[in-house]
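Okay, thanks everyone, let's get going. I'll put the structure up and then walk through contacts, cysteines and a bit of sheet.

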Amino acid sequence: MKIVFFGTPQFAVPTLEKLLNHSEFEVLAVVTQPDKRRERGNKLTPSPVKAIATAHNLPVWQPERVKKDTQTLSKLKQLDADVFVVVAYGQILSAKILNMPKLACINVHGSILPKYRGAAPIQWCLYNGEKETGITTMLMDVGMDTGAMLQIATTPIGLLDNAQDLADRLAEIGGDLLVETLLKLERKEIQPIPQDNLAATYAPLIQKQDYALDWSKSALQLHNQIRGFYPNCTATFRNNLLKITASAPLGSVSDCDLPPELEELIHKLPDLSNVSDKPGVIVSIAKGIGAIVQTGEGFLLLREVQLAGKRPQSGWDFVNGSRLTVGEVFGAGS
């Protein structure tokens, strides 16, 4: 099966590697986003997909706008591929491109469709506290993740999973599911299933304001925001911006889902059942872990933070390094 691969970030790499290592497939070329300048050194940096493609001596095309780039369109047409595979490419494909391959244009999407169509399905499913997510392979059409579904693979979401953890796991699942989908499609063993548009939800691009923490929210809501939009959620402390990169919600609803080692440490804390303070106030210190903060409902344990211009540090190192005391206050993010 002759394939053209469209993809850009690390999430797409396992799928490309599985195609390259499978005897039934031949990757003819790779289409990825143009190199970007990174903050450090301002050097042009290739996408993770380009790095893999280059290592395998594959042709790599990086049009600014693929559906308007006549040279790329001509090359794609000339390849006469059986399938176009699209994994987090980052550009919308035109009907003209979607109609080029002989068999299909197939997308590997990071949710159980029709839920979480759009650009950030992994982040928003965590933000909303989902207990399960997965990968859907689908036939592409001109809509935003609206094509008929081919196969679905699911995975549970742990209470402490963050967006990076989940993306890494889903990327591997996606690669395996795509291989299985292609083989079954070639053998005509798959019947595409139309999506239920009435059940669709959307996962839009994340905006800067989505990172700001509001301590009047519940501990579970804040925790889901922190892990969903990892590692960028912000609060203020002593008039400085602070990223909170790992947390744990404390309360009857979430305690049962904590890993045993953390649950054991929590049980050694002073009784917080009668503690009530303003949201954002440090009400206790968990020795060896970090500060415990009052929220609008329940308490939030700060497991990892990042001071401006510094590397991430454990919550306990933050307690010691900043000499945190009970009664100090965290402000809202910005």
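Let me start with a question: is Glu172 buried, exposed or partly exposed? Glu172 has a relative accessible area of 39%, so it is partly exposed. For the cut-offs, buried is under 20% relative accessible area, exposed is over 50%, and partly exposed is in between, with a 1.4 Å probe and protein chains only.

Quick housekeeping. This is a predicted model, so local features need pLDDT of at least 70 and side-chain atom pairs count only at pLDDT 80 or more, while totals for chains, interfaces and linings use all residues. Residues are numbered from 1 along each chain as its sequence is written, and side-chain values use heavy atoms, with hydrogens and water left out.

Back to Glu172, then. Its side chain meets that of Lys18 in a salt bridge, 3.4 Å from N to O; the rule is a side-chain nitrogen of Lys or Arg within 4 Å of a carboxyl oxygen of Asp or Glu. Glu172 sits in helix H6, residues 163–186, and Lys18 in helix H1, residues 13–20, so this contact ties together parts 154 residues apart in sequence. Helices here are DSSP runs of H or I with at least four residues, strands are E runs of at least two, and both are numbered from the N terminus. Lys18 is partly exposed as well, at 22%. Shared partners join Lys18, Glu172 and Asp176 into one network.

The total is ten salt bridges. Another one is Arg238 with Glu328, where the closest N and O atoms are 2.9 Å apart. Arg238 is in the loop between strands E10 and E11, and Glu328 in the loop between helix H9 and strand E16, so that pair connects parts 90 residues apart in sequence. Arg238 is partly exposed at 41%, whereas Glu328 is buried at 18%.

Now the rings. We have nine aromatic pairs, counting rings of Phe, Tyr and Trp (its six-membered ring) with centres within 6.5 Å; planes under 30 degrees apart are stacked, over 60 edge-to-face, and the rest tilted. Phe6 and Phe84 have centres 5.3 Å apart and planes at 50°, so they're tilted. That pair links strand E1 to strand E6, 78 residues apart. Phe6 also pairs with Tyr89, this time edge-to-face, at 5.6 Å centre to centre and 75° between the planes. Tyr89 is in the loop between E6 and helix H4, 83 residues from Phe6. Phe6 and Phe84 are both buried, and Tyr89 is buried too. Elsewhere, Trp124, Tyr127, Tyr211 and Phe229 form one aromatic cluster.

How many disulfides are there? Zero, taking a disulfide as two cysteine sulfur atoms within 2.5 Å. For Cys125, the nearest cysteine sulfur belongs to Cys233, 15 Å away. Cys125 is buried, at 0% relative accessibility, and Cys105 is buried at 3%.

Last stop, strand E13, residues 290–294. Five of its five residues are buried. E13 pairs in the antiparallel sense with E12 over four bridges and with E14 over three, where pairing takes at least two DSSP bridges. On the E12 side, Ser284 stands opposite Ile292; on the E14 side, Val293 stands opposite Leu300. Both hairpins have a glycine with positive phi: Gly288, near 85°, in the E12 and E13 hairpin, and Gly298, near 90°, in the E13 and E14 hairpin.
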